[in-house]
Amino acid sequence: RPAIKLGIDVLADQQFAPLANKRIGLLTHPAGVNRFGVPSVRILKQSKAVNLVALFGPEHGIYGNEKANTPVDNAIDSKTGLPIYSLYGPGPVRKPTPEMLKKIDCLVYDIQDTGARSYTFISTMGLCMEECGKAGVEFVVLDRPNPLGGKRIEGLILNPRFKSLVGQWQIPYVYGMTAGELAYMISSEGWISHRPKISIIKMKNWTRSMTWRSTGLKWVPTSPNIPHGDSPLHYVSTGVLGELGAGSGLSIGIGEGMPFECVASTWMDPTGMARHLNARRLPGVRFEPLRFKSRRVKNRTYSGVRIKFTNTSTAPLMAINYHILDAVRAVAKRD
């Protein structure tokens with residue numbers, strides 16, 4: 001029984017008073033649940049105090065089963081009968097249109113994020129804020145924990161020249177805020193052209209030192225390749241390396257049952273890599289030799305290292321990408 005009360009729990013304790021007498025749209029996904037795992041869609045739909053009229057889905061869709069970079073169509077939700085407006089649709093649609101917003105008075109954001117800037121949900125959040133500001137629609141954030149904690153800040157601040165859906169705001173790569181805190185920052189820093197009326201339903205009993213392991217909450221996958229509570233840590237530790245090594249034959253475990261948890265190739269020396277990396281004595285992390293047969297490519301065997309966190313609070317996540325890159329050059333004599 002988690003001690004933390006999420007935004008949706010606090011909203012329920014308030015008898016949904018902030019949503020009274022308003023037509024409500026809900027932007028959510030499968031990890032939008034209360035502390036007992038009940039979906040927010042069901043909670044709002046079943047409440048007599050809430051007039052839920054539309055659903056909005058981010059990348060991966062409202063049910064979280066769509067692959068990354070895959071457009072999702074608008075649909076009718078088979079469970080509630082409500083329209084689902086895709087904010088990652090063909091076209092490409094990346095923010096709500098005036099037509100989507102004209103039927104609602106308030107857009108509620110209830111999405112579990114990973115704490116990394118390149119994860120598209122926080123970009124979608126800010127773009128929705130801007131469009132709500134233009135349309136005169138209120139924006140409410142049901143706050144949730146940052147799974148990397150509220151004290152970890154890593155990586156460079158985004159250069160606005162490279163602004164995109166995987167980097168929309170001028171914040172560090174690991175930004176150490178909850179979605180509600182970031183929503184206030186986006187609005188107050190003038191990063192959007194139109195500011196809506198914003199309300200944040202804050203959590204209770206969450207502290208900034210908490211990583212996901214210490215929340216007591218059950219993790220619900222936020223997307224297909226973020227399957228467990230340590231996945232956001234792995235995402236930061238190898239995701240940049242995965243992009244740098246795209247097309248090189250380097251695997252970071254995606255499609256192999258351990259997404260972002262390893263770095264491997266057909267030519268890597270697993271023992272030498274593990275020994276080299278462990279000799280650096282990086283705090284809170286160990287590297288284990290690894291060999292596996294590929295699930296994606298027939299008759300291909302990979303070898304490399306698997307990343308294991310021994311202390312999720314002290315591990316230098318962003319730096320792991322570059323330590324591994326340096327180790328590849330040193331051990332495998334490859335650039």
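**Exercise 1. The enclosed space.** Find how much space lies in the largest cavity of this predicted model, and describe what lines that cavity.

*Solution.* The largest cavity holds about 60 Å³ of space, and the count of cavities of 30 Å³ or more comes to 1. Next, look at the lining, which is made by 14 residues, with Asp113, Arg144, Pro145, Thr178 and Ala179 lying nearest the centre of the cavity. Finally, sort the lining residues of this cavity by character, which gives 7 nonpolar, 5 polar and 2 charged residues.

**Exercise 2. The open spaces.** Describe the largest pocket and the second largest pocket by volume, lining and contributing elements.

*Solution.* Begin with the largest pocket, whose volume is about 1,500 Å³. Its lining consists of 50 residues, and those nearest the centre are Tyr235, Gly239, Glu243, Ile254 and Phe260. The elements that each give two or more residues to this lining are strand E7 (154–157), helix H6 (231–244) and helix H8 (317–332), and among the contributors H6 gives the most, with 6 residues. By character, the lining of the largest pocket divides into 24 nonpolar, 18 polar and 8 charged residues.

Now turn to the second largest pocket, which has a volume of about 290 Å³. Its lining has 15 residues, of which Pro39, Val41, Arg42, Tyr63 and Lys79 lie nearest the centre, and helix H2 (residues 40–46) gives the most to it, with 4 residues. This lining divides into 6 nonpolar, 5 polar and 4 charged residues.

**Exercise 3. Aromatic pairs.** What kind of aromatic pair do phenylalanine 56 and tyrosine 85 form, and which parts of the chain does the pair tie together?

*Solution.* The structure holds 8 aromatic pairs. In the pair of phenylalanine 56 and tyrosine 85, the ring centres are 5.3 Å apart and the planes stand at 45 degrees, and the pair counts as tilted. To see what the pair joins, place each residue in its element: phenylalanine 56 belongs to strand E2 (residues 51–57) and tyrosine 85 to strand E4 (residues 83–86), so the contact ties together parts that are 29 residues apart in sequence. Phenylalanine 56 is buried, with a relative accessible area of 0%, and tyrosine 85, at 14%, also counts as buried, because buried means under 20%.

For another case, take tryptophan 212 and tryptophan 219, whose pair is edge-to-face, with 4.8 Å from centre to centre and 90 degrees between the planes. Both of these tryptophans are buried. Rings can also gather in a cluster, as do Tyr119, Phe121, Tyr235 and Phe260, and Tyr235 and Phe260 are also among the residues nearest the centre of the largest pocket. A ring may also meet a charge: the charged end of arginine 94 sits over the ring of tyrosine 88, at 3.9 Å from the ring centre.

**Exercise 4. Cysteines without a bond.** Explain why cysteine 106 and cysteine 132 are in no disulfide.

*Solution.* A search of the whole structure finds 0 disulfides. For cysteine 106, the nearest cysteine sulfur is that of cysteine 132, which is 8.0 Å away. A disulfide needs sulfur atoms within 2.5 Å. For cysteine 132, the closest cysteine sulfur is in cysteine 128, at 6.2 Å, and this is too far for a bond. As a last step, consider accessibility: cysteine 106 is buried, with a relative accessible area of 0%, and cysteine 132 counts as buried at 0% as well.

Notes
Residues are numbered from 1 along each chain as its sequence is written. This is a predicted model: local features need pLDDT of at least 70, side-chain atom pairs count only at pLDDT 80 or more; totals for chains, interfaces and linings use all residues. Side-chain values use heavy atoms; hydrogens and water are left out. On a 1 Å grid over the protein atoms alone, a cavity is a set of points where a 1.4 Å probe fits but cannot get out, and a pocket is an open set with protein on both sides within 12 Å along at least five of seven lines; lining residues have an atom within 4 Å of a point. Grid points are joined across faces, edges and corners, and a volume is the space filled by probe spheres set on the points. Ala, Val, Leu, Ile, Met, Phe, Trp, Tyr, Cys and Pro count as nonpolar, Asp, Glu, Lys and Arg as charged, and the others, Gly among them, as polar. Rings of Phe, Tyr and Trp (its six-membered ring) pair if their centres lie within 6.5 Å; planes under 30 degrees apart count as stacked, over 60 as edge-to-face and the rest as tilted. Buried means under 20% relative accessible area, exposed over 50%, partly exposed in between (1.4 Å probe, protein chains only). A charge sits over a ring if NZ of Lys or CZ of Arg is within 6 Å of the ring centre and within 35 degrees of the ring normal.
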